[in-house]
Amino acid sequence: MTAAARPRIAVASIVQETNTFSPQPSTLDDYTAHGLWLGADAAELAAGTNTELAGAVEALTAAGATAVPLLRAWAMSGGVLRAGAFERLRDLLTGGLAAQPVDGVLLCLHGALVAESDVAADAAFTEAARAVVGPDVPIVVTHDLHANVTGRIVAAAAALIGYHTYPHVDQGDTGRRGAELVLRALREPVGTVLAKRPMLVPAESQALADPPMRRLRTLADAGGTGILDVSLFPVQPWLDVPDLGFGVTVTHAGSERAAALAHAEHLATAAWGHRAAFAVDAVPLPAAIERVRAARGTVLLVQSADSPTAGATADSAAVIGALLTHGRGIRAYATVVDAPAVAQCFAAGQDGTVDTPVGATLDDRWDGPVPLRGTVSRLGAEPVVLTGDSMTGLTISMGRWATVNTGTGLTVLLTERPAPTFDPAGYRHAGLDPAAAQAVVVRSATMYRAGFRGLFVEAILLDLPGASTPRLDYLTFERAPRPLYPIDLDGTS
Ligand SMILES: [Zn+2]
């Protein structure tokens, strides 16, 4: 490896998390809806946001390197990526790399993307990039903490690191750390080792502030000299793929491989030892609504079972139905994806009345539609800019949207595409101030803790089925390695 005086580092970001239990395949439209940006546009449009791409470009420029932005593709989590879309994204990446000589490559990938044509799509992107640049150009990969890291991607990359936060607030920092690693790899050898255990952890108990992950993170940070990064990958659990499991990567200076491997195995064994401590308590809907009535302040009803940031369709009306039945008089906000109902609201117009079933238009396996009657209080179509600590500044399209005031205390935000409810910007964008509500439905496992920080007195995890349910025993795994904790094994196995 030779380090040019002003090295040229290619940066590409393709970020989507797959939920293999979602019935809705992801397409290229899911990326273009939020902006699929190429070349210099990618860096310009991402500038100032808390994203890997923006952080990487900033760090490279500050270090005197030349950032060569190739593309930025971001989509809300979803079902398996259609074959043609995967090939298109791969070709944009390899086409950009082939068009100009570069000294190093930074790939910002989620790490849990599944395509119809390749179950480890992030590994396939990395292998495709490797095939273009050859064996001597360092490729560094960054991942979301929910990645399912495989031996394939570790073999194709010079080094691999992940977010150190959950809720994720270090996207920009991860890009910066990745950029610094590429520059280091131009000067001296680096490597990454991986250790895994066959266990799943509910996303609701993966927060770094909670004891099991906090302890593991403290242990991770106690690595010796020559260890450059330790990343924990507890994996998002709605992923039925081979090689599934809790991963730990240790990135090291070239000579420290044995020490890195020992540290990775030590951490993976510690994670396995904590497996029973990750169990979550979920509350049935009627009991949760009674707790809302007794609370003093805004309560978050956590409908993580149907979370769009976990790849579910966000069209379950189960909580809306329960609020209409058991929650009359409670001032509450909820969301639901329902394109036909949005069309009806637009047809009725501002202040018009609607009477329509809502919910279960995309995924009807868990619960059915619910009758919704009320007045259309607001209509819109412009995208939302996130304001919370995570992905700050990122623009998300909800498609067309409408709010319906049911007159019972409940106002429903109906959208064509999922509304981001891990960040209060989604509701505020539609004129609904979460601070004014007794109950706010968030379709998010843990990210809401950053977005709604200081805005709620209690968050109640709801016991519901769904493609992103916290009750992993509700799901049927067919491709994952068995036995798998906690599906087949109890805490003492
Ligand atoms: Zn994540």
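A disulfide is a pair of cysteine sulfur atoms within 2.5 Å. With that in hand, here are the close-up views of this predicted model.

**View 1. Cysteines without disulfides.** By that criterion, the structure holds 0 disulfides. Two cysteines are worth a look here. Cysteine 108 has a relative accessible area of 0%, so this residue counts as buried. Cysteine 345 is likewise buried, again because its relative accessible area is 0%.

**View 2. The zinc ion and its protein donors.** Which residues hold the zinc ion? Its protein donors come from Asp144, His146 and His168. Asp144 is listed with two OD atoms, while His146 donates through ND1 and His168 through NE2. These donor atoms lie 2.1 to 2.7 Å from the zinc ion. Along the sequence, the donor residues follow the spacing D-x1-H-x21-H.

**View 3. Angles at the zinc ion.** Why is the arrangement around the zinc ion called irregular? The 4 donor atoms subtend angles of 53 to 146°, whereas a tetrahedral set of four would need all angles between 85 and 135 degrees. The spread of angles therefore makes the arrangement irregular.

**View 4. Surroundings of two zinc donors.** Are aspartate 144 and histidine 146 buried or exposed? The cut-off for buried is under 20% relative accessible area. Aspartate 144 has a value of 7%, so this residue is buried. Histidine 146 has a relative accessibility of 5% and therefore counts as buried too.

**View 5. Two domains side by side.** The domain assignment gives domain 1 as residues 8-275 and domain 2 as residues 285-469. Their contact takes in 29 residues from domain 1 and 30 residues from domain 2. Taken over C-alpha atoms, the centres of domain 1 and domain 2 are separated by 31 Å.

**View 6. Area buried between the domains.** How much area do domain 1 and domain 2 bury between them? The figure is about 2400 Å², with 58% of it on carbon and sulfur atoms. On the domain 1 side, look for Met76, Glu204 and Trp238. Together these residues supply 24% of the area that domain 1 buries against domain 2, more than any other three residues.

**View 7. Salt bridges.** Between domain 1 and domain 2, the count is 2 salt bridges. This view is centred on arginine 449 and aspartate 210, which form a salt bridge. The closest N and O atoms of this pair are 2.9 Å apart.

Methods. Residues numbered from 1 in each chain as written. Predicted model: local features only at pLDDT ≥ 70, side-chain atom pairs only at ≥ 80, totals over all residues. Heavy atoms only, no water. Donors = N, O, S within 2.8 Å, 3.2 Å for Na, K, Ca; no water. Tetrahedral: all angles 85-135°; square planar, octahedral: opposite > 155°, others 65-115°. Buried < 20%, exposed > 50% of the residue type's maximum accessible area, 1.4 Å probe, protein only. Domains from an automatic or database assignment. Contact = heavy atoms within 4.5 Å. Buried area = accessible area lost by both parts, 1.4 Å probe. Salt bridge = Lys/Arg side-chain N within 4 Å of Asp/Glu carboxyl O.
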